[in-house]
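I set out to record the domains, the nonpolar cores and the strand pairing of this model. My entries follow the structure.

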Amino acid sequence: MRYDSLLDSLGGTPLVGLPSLSPGSGVRLWAKLEERNPTGSVKDRPALFMVEQAEKEGRLQPGSVILEPTSGNTGIALAMIARLRGYRMICVMPENTSAERRQLLEMYGAQIISSPAAGGSNEAVRVARQLAAENPDWVMLYQYGNQANIQSHYETTGPELLADLPGITHFVAGLGTSGTIMGVGRYLREQVPGVQIVAAEPRYGDLVYGLRNMDEGFVPELYDESVLTSRISVSSPDALRRTRELLDAEGIFAGISSGCALHAALVVADRAVAAGQTAEIALVIADGGWKYLSTGAYGGTLEEAAARLEGQLWA
Amino acid sequence: MAVEVRIPTILRSYTGGAKSVEGSGGTLAELLSDLDSRHGGLQERLVDDGGLRRFVNVYLNDEDVRFLGGLTTPVKDGDTVTVLPAVAGGRA
């Protein structure tokens with residue numbers, strides 16, 4: 001396939017069957033390979049939509065500075081687009097995100113400002129908001145509250161999925177900004193009566209929940225509970241185990257959040273089997289495993305890998 | 001047998017530092033009320049007039065109770081209930 005430029009090749013990712021992990025011919029799993037996007041993650045879609053929306057509104061002009069709280073993939077996508085379009089990119093990210101992400105961001109010319117590990121992405125959002133207030137000429141696209149994030153999945157990921165899997169019964173994706181699941185979820189609900197929209201939510205160790213009180217919690221502005229039919233919490237050991245199963249059983253070298261999505265998809269699949277129902281379950285492979293090699297997720301026993309992952313943001 | 005309830009760090013001042021406590025009840029509301037009889041003040045941190053507080057997530061066997069029936073979700077012996085604060089997710 002030929003494209004005029006790298007960005008023109010965005011989207012149109014393959015949907016591949018998971019024959020070994022599917023419980024039977026009546027209940028099948030399908031994986032949307034989003035690591036095939038230009039910078040290797042699903043975040044290329046919202047990043048391009050958010051930039052183009054800001055350009056249309058005149059908020060972004062040549063030489064503008066983009067500021068974004070991001071634990072990695074959105075920052076990498078934005079940094080690549082910023083480089084091509086002549087913007088400066090500043091990422092605020094928790095200090096406990098993997099070394100590969102920092103290196104990738106620096107390669108694309110982004111500047112990184114670290115936020116404290118305790119509090120995870122909450123802290124990154126807080127620090128970014130403070131910087132935005134101090135530097136009113138910087139443009140914060142703010143993926144957690146930017147409707148263009150949802151729109152990218154409503155207009156591209158959702159229609160691609162339905163075209164490839166007209167009989168889809170369940171959609172499963174990780175819950176971060178909630179952009180993927182809101183956009184795809186809304187589209188599918190409009191098109192497919194009774195479709196189940198299942199969020200797979202990473203459950204971290206205590207350090208990541210290091211808030212001072214419950215009122216400091218954070219729910220992304222984009223999150224709309226009414227789009228979902230269920231929300232499943234996935235522990236680090238379960239996500240790791242499933243990430244390895246993706247590789248062992250299907251040959252897919254994915255990031256840990258994809259193991260999280262697979263775990264939730266298998267919960268749903270088991271229920272369908274127990275109920276004697278057929279199901280066509282699509283899940284999102286958000287990125288490849290490359291950026292997580294230094295976390296030790298893929299080596300040694302599961303217990304060792306889980307211990308190394310404690311306190312890290314793996315998704 | 002009873003229901004195991006996992007408590008986040010931030011609320012362990014109500015449980016004498018315990019990571020998990022046990023309780024009983026037919027529904028989540030009854031379970032929280034039972035816990036409050038031994039860990040006074042805990043219930044008020046989790047629930048207000050409108051149900052579960054905005055930044056509180058409660059999972060029954062790993063599934064968010066907001067999609068099961070909220071405070072009226074049935075619970076039974078052997079279940080695990082996990083309480084967590086809502087934080088900004090990863091992969092972002």
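**Domains.** I looked up the division of chain A and found domain 1 (7–36 + 157–309) and domain 2 (44–140); such bounds come from an automatic or database domain assignment. This is a predicted model, in which local features need pLDDT of at least 70 and side-chain atom pairs count only at pLDDT 80 or more, while totals for chains, interfaces and linings use all residues. Residues are numbered from 1 along each chain as its sequence is written, and chains are lettered from A and ligands numbered from 1 in the order in which they are written.

I noted 24 Å between the C-alpha centres of domain 1 and domain 2 of chain A. Their contact involves 18 residues of domain 1 and 17 residues of domain 2 of chain A (two residues are in contact if their C-beta atoms, placed from the backbone, lie within 7 Å). On the domain 1 side of chain A, I read nine nonpolar, six polar and three charged residues. Here Ala, Val, Leu, Ile, Met, Phe, Trp, Tyr, Cys and Pro count as nonpolar, Asp, Glu, Lys and Arg as charged, and the others, Gly among them, as polar.

**Cores.** I next examined the largest nonpolar core, which has 95 residues; A:Val172, A:Ala200, A:Ala265 and A:Leu283 have the most contacts inside it. Such a core is a set of buried Ala, Val, Leu, Ile, Met, Phe, Trp, Tyr and Cys residues joined through C-beta atoms within 7 Å; buried means 20 or more other C-beta atoms within 10 Å of the residue's own, exposed 12 or fewer, and partly exposed in between, with C-beta atoms placed from the backbone. Helix H8 (residues 256–274) of chain A gives the largest share of this core, 10 residues. Helices (H or I, at least four residues) and strands (E, at least two) are DSSP runs, numbered from the N terminus. Both domain 1 (7–36 + 157–309) and domain 2 (44–140) of chain A contribute residues, so the core lies between them. Another core, of 20 residues, lies apart from it and includes B:Val3 and B:Leu46.

**Strands.** In chain A, I traced an open sheet of four strands in the order S5-S4-S3-S6, with parallel pairing (strands pair if DSSP finds at least two bridges between them). S5 (111–115) and S6 (139–140) of chain A are at the edges with a single partner strand each, so one side of each has no neighbour in the sheet. In chain B, I found strand S1 (residues 3–6) joined by four bridges to the antiparallel strand S2 (residues 20–23), where B:Gly23 is the bridge partner of B:Val3.
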